[in-house]
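Reader: Could you take me through one part of this model closely? I would like to hear about the aromatic rings and the nonpolar core around them, with the cut-offs spelled out.

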Amino acid sequence: MDSSISSTTLKSDGVAKVLTVILFLGLCLSIFSLFLSIILVTVPSFYAVLKEIDMTLLGFILIPFTIVVFLLWMYRLHHDLREIFKEYPITSGGALARLIIPFYNLWGVWNTFSVLDHYLRKEARVSSLDRKSTRLNSSHTDISRMPSSA
């Protein structure tokens, strides 16, 4: 693992920010849709006008755009992972194939995310051990600097 790679050099970082904004927008539109459902129950005539706006934005624009950005993020994320972990087994194209191809994705979605989980947990353990060893080394250094009572 190369710890010199910062988040500014990751190709997936910018796409991840865009995906976060899109997903937040989708959440807001879902809340708006819930509001429209409440209007349907109380004022059905007003609901007919607003329904067309809500379903067009959510169904025909936002959902396909979210899927495309998610797939682009997965492609770039796996590219970054192969740069960080030289032994990472899934290529960028392999990740897309496992998510897109019918029947192959029945196994591929699970495999992609479980391998991703495995490597991220491994990195978290290594990072946690590095922090602990740094603390131990610094406390050892502090003890060795203390004047001896002899």
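Author: Happy to; here is a walk through the core and then its ring pairs. This is a predicted model, where local features need pLDDT of at least 70 and side-chain atom pairs count only at pLDDT 80 or more, while totals for chains, interfaces and linings use all residues. Residues are numbered from 1 along each chain as its sequence is written, and side-chain values use heavy atoms, with hydrogens and water left out.

A word on confidence comes before the details. The mean pLDDT (the predictor's confidence in each residue, from 0 to 100) is 79 for the chain, and 71% of its residues reach 70 or more. Among the elements, α3 has the highest mean, 94, and α4 the lowest, 75. Helices here are DSSP runs of H or I with at least four residues, numbered from the N terminus.

Now to the core. A nonpolar core is a set of buried Ala, Val, Leu, Ile, Met, Phe, Trp, Tyr and Cys residues joined through side-chain atoms within 4.5 Å; buried means under 20% relative accessible area, exposed over 50%, and partly exposed in between, with a 1.4 Å probe and protein chains only. The largest such core has 13 residues, and Leu81, Phe85 and Tyr88 have the most contacts inside it. Two or more residues each come from α2 (44-84), α3 (92-100) and α4 (104-145), with α2 giving the most, five. Leu81 touches Tyr88 and Leu116, leaving aside residues up to four places away in sequence; contact means heavy atoms within 4.5 Å.

Tyr88 also leads us to the rings. Rings of Phe, Tyr and Trp (its six-membered ring) pair if their centres lie within 6.5 Å; planes under 30 degrees apart count as stacked, over 60 as edge-to-face and the rest as tilted. The count comes to four aromatic pairs. In one of them, Tyr88 and Tyr119 have ring centres 4.9 Å apart and planes at 70°, so the pair is edge-to-face. This pair links distant parts of the chain, since Tyr88 sits in the loop between α2 and α3 and Tyr119 in helix α4, 31 residues apart. Tyr88 is buried at 1% relative accessible area, and Tyr119 is buried at 9%. Ring pairs join Phe85, Tyr88 and Tyr119 into a cluster.

Another pair involves Tyr104 and Trp107, whose centres are 5.8 Å apart with planes at 35°, so the pair is tilted. Tyr104 and Trp107 are three residues apart in helix α4 and therefore separated by about one helical turn. Tyr104 is partly exposed, at 33%, and Trp107 is partly exposed at 40%.
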